[in-house]
Amino acid sequence: DIKGFAFDLDGVIADTAKFHSQAWHNIADQIKVTWTPTLAASLKGVSRMDSLELILESVNRQADFSLAEKQALAEQKNNEYQLLIAKLTPNDILPGIQAFLDELRQHDYRLVLASASKNAPGILENLKVTEYFAAIVDPGLLKAGKPDPEIFEKAAQALHLPTNHVAGIEDSAAGIQSINAAGELSIGIGDLPEAQIQFDTTNEVSLAGIRAQLD
Ligand code: G16
Ligand code: MG
């Protein structure tokens, strides 16, 4: 049975995607890449440098920038992103998630954060939910990002649990693939047919809702 929960951050705990998008949109304008909703959606759950590669690939311009230029663009994006997330407060926690965190704590489940974001520790602090988490996987130490299972395997290790005793909760297809490949119970928020447990929005997530789908 499930003893621990591995949480994605962006799209599950807070809607930071709008800030990532705003910061990348400005970079795209600056380098004259057309910003589209499809491009924005493709960056969900993807690491910072891989996001920049996807933006350049969308117009076949990966070769137009040196590594140093790419690093400078990624740093500029991150500086703007950090100004935006500095304003986050507990009011920015997605609906239903504070109650779910409280419910999990009440029932002694162990929690770990499995986010691709290097800014995750600061975001949890601003949302005032750091204390709920026994561990945060360091995305800087990963060989491969989502959909590779590594991040959710490391999450289970951080809780000292075998992966089949962990449930992963995600809003991206790449994240659900990562959870499934790690052998954990996958809980999807949104239209994610590959998830074993499915909820339309964060507001519906609860232990009773999970149990109802397991029976
Ligand atoms: C998040 C976002 C991605 C972002 C990535 C890296 O992942 O979904 O859009 O590019 O983190 O963020 P940073 O530039 O802060 O390191 P997740 O896994 O929380 O959904
Ligand atoms: Mg996410």
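These legends walk you through several close-up views of a predicted model.

**View 1. Two aspartates share an annotation and a loop.** The "active site" annotation in an unreviewed UniProt entry covers D8 and D10. Look for D8 in the loop between β1 (residues 4-7) and α1 (residues 17-30); D10 also has its place in the loop between β1 and α1. Is D8 buried or exposed? D8 has 29 other C-beta atoms within 10 Å, so D8 is buried. D10 counts as buried too, because 25 C-beta neighbours lie inside 10 Å. Now trace the contacts, leaving aside residues up to four places away in sequence. D8 touches A114, S115, I169, E170, D171 and G175. D10 touches T16, A17, S115 and S117. S115 therefore turns up in both sets of contacts.

**View 2. Helix α1 crosses helix α4.** Two packed helices are described by the angle between their axes and the distance between the axes. Here the axes of α1 and α4 come within 9 Å and cross at roughly 140°, which means that α1 is oblique to α4. The crossing of these two helices is right-handed. From α1, the residues to find are F19, H20, Q22, A23, W24, N26 and I27. They meet L73, Q76, K77, E80, Y81, L84 and I85 in α4. Sorted by class, the contact of α1 with α4 has 8 nonpolar, 4 polar and 2 charged residues. As you follow either helix, remember that an α-helix has 3.6 residues a turn, so residues three or four places apart point the same way.

**View 3. Helix α3 also packs on helix α4.** At what angle do α3 (residues 48-57) and α4 (residues 67-85) pack? The angle is about 110°, with the axes 10 Å apart, which means that α3 is roughly perpendicular to α4. α3 passes α4 in a right-handed crossing. On the α3 side the contact is made by R48, M49 and L52, and on the α4 side by K70, L73, A74 and N78. These divide into 4 nonpolar, 1 polar and 2 charged residues. L73 of α4 is worth a second look: this residue takes part in the contact with α3 and in the contact with α1.

**View 4. A stretch annotated as a coiled coil.** In the unreviewed UniProt entry, the annotation "coiled-coil region" covers residues 56-87. How much of this stretch is helix in the model? Over residues 56-87 the chain is 66% helix and 0% strand. The end C-alpha atoms of the stretch are 29 Å apart.

**View 5. Helix α7 and its surroundings.** Which residues of α7 (residues 150-158) are buried? They are I151, F152, E153, A155, A156 and A158. What covers these buried residues includes the strands β1, β2 (residues 110-113), β3 (residues 135-136) and β4 (residues 166-170). Helix α8 (residues 173-182) is also part of that cover. Just beyond the helix, α7 is followed by H160, whose phi is positive, near 60°.

**View 6. Far apart in sequence, yet in contact.** E103 has its place in helix α5 (residues 97-106). E103 and S206 are 103 residues apart in sequence, while their C-alpha atoms are 7.9 Å apart in space. Leaving out residues up to four places away in sequence, E103 touches S206 and L207. E103 counts as partly exposed because 14 C-beta neighbours lie inside 10 Å.

**View 7. Backbone details to spot in the loops.** Most residues other than glycine have a negative phi, and most peptide bonds are trans. Which bond here is cis? A cis peptide bond joins K146 and P147, with omega about 15°. P147 is found in the loop between β3 and α7.

Next, compare two lysines. K32 has a positive phi near 60° and lies in the loop between α1 and α2 (residues 37-42). K128, although not a glycine, has a positive phi of about 60° and lies in the loop between α6 (residues 120-127) and β3. K32 counts as exposed because 8 C-beta neighbours lie inside 10 Å. K128 has 13 other C-beta atoms within 10 Å, so K128 is partly exposed.

Key: Residues numbered from 1 in each chain as written. Chains lettered and ligands numbered in written order. Predicted model: local features only at pLDDT ≥ 70, side-chain atom pairs only at ≥ 80, totals over all residues. UniProt positions renumbered as here; feature names shortened; annotations may be inferred. Helix = DSSP H or I, 4+ residues; strand = E, 2+ residues; numbered from the N terminus. Buried ≥ 20, exposed ≤ 12 C-beta atoms within 10 Å, placed from the backbone. Contact = placed C-beta atoms within 7 Å. Axes fitted to C-alpha atoms, helices over the stretch in contact; angles between N-to-C directions. Parallel < 35°, antiparallel > 145°, perpendicular 65-115°, else oblique. Left-handed = near helix turned anticlockwise from the far one by under 90°. Nonpolar A, V, L, I, M, F, W, Y, C, P; charged D, E, K, R; others polar.
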